[in-house]
Amino acid sequence: MSTLLLGMSVVLVIAMIVTALVAISERRLSIAILSAGLVSLIASVLFLLLAAPDVAMTEAAIGSALTTFLFFFVLGRVRGESDD
Amino acid sequence: MIKRFTVLLLLAGLATIFVSLALGYVPDSSLNYSALYYADNTVSDTGAANIVTAIIVTYRGLDTLGEVTVLFLTAAIVGLVLKRGAKAGKGKPMLASGELLCTGSGLLVPLILLLGVYVFVNGHLTPGGGFQGGAILASGIMLVLLTNPMRHFSHRLIAVIESVSGLAFITVGILGIILAAGFLDNSLLPKGTLGELFSAGTIPVVYSFIGLKVGAEFSSMLVNLSETEGS
């Protein structure tokens, strides 16, 4: 792994830890859901850097798109229609 | 207090394990035995350029069948649970979606669906395959649902796509037992030239069916969720 890739991975890992901390400590639920999706997105870029494009595609499509959507749907149902 | 102490203890234990694993990590200088077999023999065995796809569809085809079955069960249970909820659409009309979302989805949905089909049709040549392509198809459907939550999708059509592709997947597998070396053996069709679209025997066929099946299952979950929203 070259120095550039290593540097990128370190930056991405730090960003991932920060977004994960935001996801568990944020009080506004919509922000927390978005950061959880962002964790998956960064994870998929990391999979790409680790030469696993198949896993990266699955993670990007399911982890960051469908799961975030599912959480927002459930959030909408729990809160009711008033404050979406 | 005890709870916090337990959590800290657990974190410290995990940190010890991970640090010792990271310190003792030595990259492999060569592939291990089974990886070496796949790297050497995939092209001559199956004719697929993507080794991952060859393993998923041919060498470990039975496991893929199990995986698809798990997904099918999940979709069926989501449908079963949500069917008991109240139907949406009878209440007050929802706010219209923003113009940005409407225009963007009109532009992007065909492209996303095309990308999904491309990914699973080219599963034996490029990274990705049935599961990824199916998930991309479903995210296209998701964008349509975000734009217009009241939009009606035919449950019958989704169910027909899902069951026909499931049946076709198993039929190709059983034909492999009868006509070729075993379940899901891909030498039913000619192997062709490495790197062409019509190569690698039945792998593109099987993976396209898996893609349609996975896409239909995810879409049915999304449609079920959106139809019961706001109950």
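This passage looks at how the two chains of a predicted model meet and how their nonpolar residues are packed.

A good place to start is the largest nonpolar core, which has 42 residues. Within this core, B:Ala135, B:Val206 and B:Leu222 touch the most other members. Both chains take part: two or more residues come from helix H3 (53-79) of chain A, and likewise from each of H3 (51-59), H4 (61-83), H5 (99-121), H6 (130-147), H7 (155-179) and H8 (203-227) of chain B. H8(B) gives the most, with 13 residues. Leaving aside residues up to four places away in sequence, B:Ala135 touches A:Thr58, A:Ala61, A:Ile62 and A:Leu66 from chain A, along with B:Val214 and B:Phe218 from chain B. A second core of five residues is separate, and its members include A:Ile33, A:Val39, A:Ile42 and A:Ala43.

Turning to the meeting of the chains, 13 residues of chain A are in contact with 16 residues of chain B. On the chain A side, eight of these residues are nonpolar, two are polar and three are charged.

Inside chain B, H7(B) and H8(B) make a helpful pair to follow by eye. Their axes come within 8 Å and cross at roughly 150°. Because angles over 145 degrees count as roughly antiparallel, H7(B) is roughly antiparallel to H8(B). The crossing of H7(B) with H8(B) is left-handed. Among the residues making this contact are B:Ile158, B:Ile161, B:Phe169 and B:Val172 of H7(B), which meet a set on H8(B) including B:Val206, B:Phe209, B:Ile210 and B:Val223. Sorted by class, the contact holds twelve nonpolar, four polar and three charged residues.

Definitions and conventions: Residues numbered from 1 in each chain as written. Chains lettered and ligands numbered in written order. Predicted model: local features only at pLDDT ≥ 70, side-chain atom pairs only at ≥ 80, totals over all residues. Core = buried A, V, L, I, M, F, W, Y, C linked by C-beta atoms within 7 Å. Buried ≥ 20, exposed ≤ 12 C-beta atoms within 10 Å, placed from the backbone. Helix = DSSP H or I, 4+ residues; strand = E, 2+ residues; numbered from the N terminus. Contact = placed C-beta atoms within 7 Å. Nonpolar A, V, L, I, M, F, W, Y, C, P; charged D, E, K, R; others polar. Axes fitted to C-alpha atoms, helices over the stretch in contact; angles between N-to-C directions. Parallel < 35°, antiparallel > 145°, perpendicular 65-115°, else oblique. Left-handed = near helix turned anticlockwise from the far one by under 90°.
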